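Happy to go through this one with you. Let us take the labels in turn and ask what stands behind each of them.

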Amino acid sequence: MDAFDYFAPDNLSEALTLLATPNKTSRPLAGGTDLIVQLRETGLKCDQVIDLKNLAELTQFQSEGGKGWTIGAAVPCSEIYENAEFASQYPGIIDAASLIGGIQIQNRASFGGNLCNASPAADAIPALIAHSVTCQVASKSGTREVNVEDFCQSPGKTVLSEGEILVSLKLPATPKRFGAAYQRFIPRNEMDIAVAGAGSSVVLSEDGKTIESLRVGLGAVAPTPLLVQEISDKLKGKEVDSATFEQAAEIARSYANPISDTRGEDWQRVHLAGVLTQRTLQIACERAQAAL
Amino acid sequence: MKTYLKTTINGEDKELLCEPRQSLLDVLRDELELTGTKEGCNNGNCGACNIMLDGRLVNSCMVLALEAQGKQVETIEGVADTEGLHPLQEVFLEEAALQCGICTPGFILSAKSLLEKNPNPTEDDVRLWLAGNLCRCTGYDKIVRAVLESAKRLSESPQSEVAS
């Protein structure tokens, strides 16, 4: 690993100033499970690493009193799934947080880092899409919000420009009769990168028989995680049954545009996009019905 | 540029100078000569370098040493006390839950953190928790059985260290 300077500022404005230091390349550090490996193994160069874990905005994790929750970008997966109150409201997020890496990784890796690493196969992102999350971005010149489905632009590239960081994730309150789920396919039981993944959420009618609204996010089947808007548009108002799930799968397959690589062939990923859409929608519906 | 680091390792305050690019694993082994923590893959897959950082199990190869500033670090050297080996260490020896031994410190730390959270794990709980620890010798069975046996012994002696 090449030499770099390390800073761990304890206020956001100092961090943003450091990140914008002229003529220096800076890398923000959260859990380090991607960054430290990239610095060591891929020859990634940087002049300074800015550790964000002393910043209250990045480590906050709290309910906004009926208006949803805020998760700081550096909060590790285990802190997220250990919060019982949160877990009962955001099941899709919990599914994803519980299957990223092993315990050692979950104790460090953050959803913010997963987003900023912008892997097409990131497990957190389809779940965040299903839960309609908004990203809070800050730089020295101000703040802005980005919908999570628009955050990644291409493999390894996000909407963040020089000097900007992802501060936190805003999760809208989950309505009544809401359910969500995330699943991925891997050839092992644990500790692997998704061949394909899907996150789904639904809001059901009062009798639990009709889908009032739904969202499906796909992972590892395109250069970035995808929101399949056509599923939301075409299938709202449909019955909770296997025909609806199959229609969703068919639409999902039509949006999958994967590559073939060591993890899977393109045709397999297209197939998996359908299967995982079907399964996660079904689980999301079952979870919503269980809460009726 | 060397930077001042103050951290607590196995209950003892340590002050030293280290480079920002040094991992906590590098500093433990090369600067503090705590070589019980092993380097396996050095990229977060194998768990041989597992330590506890402020009470959470982490891969020390993926932590910069300076991130341990002001924090509590527990390594394999801190697991046994003056009374003797930790029950997990005893059972690993009795049940021969190791062959070459490189993965063992990581497995002990990982299993210890499991038993602190879940004193009565099922076999599935143990296998899931240990998914981030790789062993290329044993085939895992003996390790899993040793952890289950340790849990049994610890739950039969409520005054044990893990319970505290």
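What follows is a set of questions and answers on the contact between two chains, one residue and one sheet.

This is a predicted model, in which local features need pLDDT of at least 70 and side-chain atom pairs count only at pLDDT 80 or more, while totals for chains, interfaces and linings use all residues. Residues are numbered from 1 along each chain as its sequence is written, chains are lettered from A and ligands numbered from 1 in the order in which they are written, and side-chain values use heavy atoms, with hydrogens and water left out.

Q: Why is B:Thr8 called buried or exposed?
A: Buried means under 20% relative accessible area, exposed over 50%, and partly exposed in between (1.4 Å probe, protein chains only). B:Thr8 has a relative accessible area of 12%, so it is buried. This residue lies in strand β1 (residues 3–9) of chain B; a strand here is a DSSP run of E with at least two residues, and a helix a run of H or I with at least four, both numbered from the N terminus.

Q: What does B:Thr8 touch?
A: Contact means heavy atoms within 4.5 Å. Leaving aside residues up to four places away in sequence, B:Thr8 touches B:Asp13, B:Lys71, B:Gln72 and B:Val73.

Q: How many residues does each chain bring to the contact, and what area is buried?
A: Chain B gives 26 residues and chain A gives 28. The buried area, meaning the accessible area (1.4 Å probe) that two parts lose on being put together, summed over both, is about 2,300 Å², with 57% from carbon and sulfur atoms. In chain B, the residues losing the most area to chain A are B:Arg21, B:Arg56 and B:Met62, together 28% of what that side buries.

Q: What makes B:Arg56 and A:Glu82 a salt bridge?
A: The rule asks for a side-chain nitrogen of Lys or Arg within 4 Å of a carboxyl oxygen of Asp or Glu. For B:Arg56 and A:Glu82 the closest N and O atoms are 3.0 Å apart, and the pair qualifies. Across this interface of chain B and chain A the rule finds four salt bridges.

Q: Why do β11 and β14 of chain A count as edges?
A: Two strands pair if DSSP finds at least two bridges between them. The open sheet runs β11-β12-β13-β14 (chain A), with antiparallel pairing. β11 (178–185) and β14 (226–227) each have a single partner strand, so one side of each lacks a neighbour in the sheet.

Q: How do you know that β11(A) pairs with β12(A)?
A: β11(A) and β12(A) (residues 196–204) are joined in the antiparallel sense over eight bridges, and A:Ala181 stands opposite A:Ser200 in β12(A).
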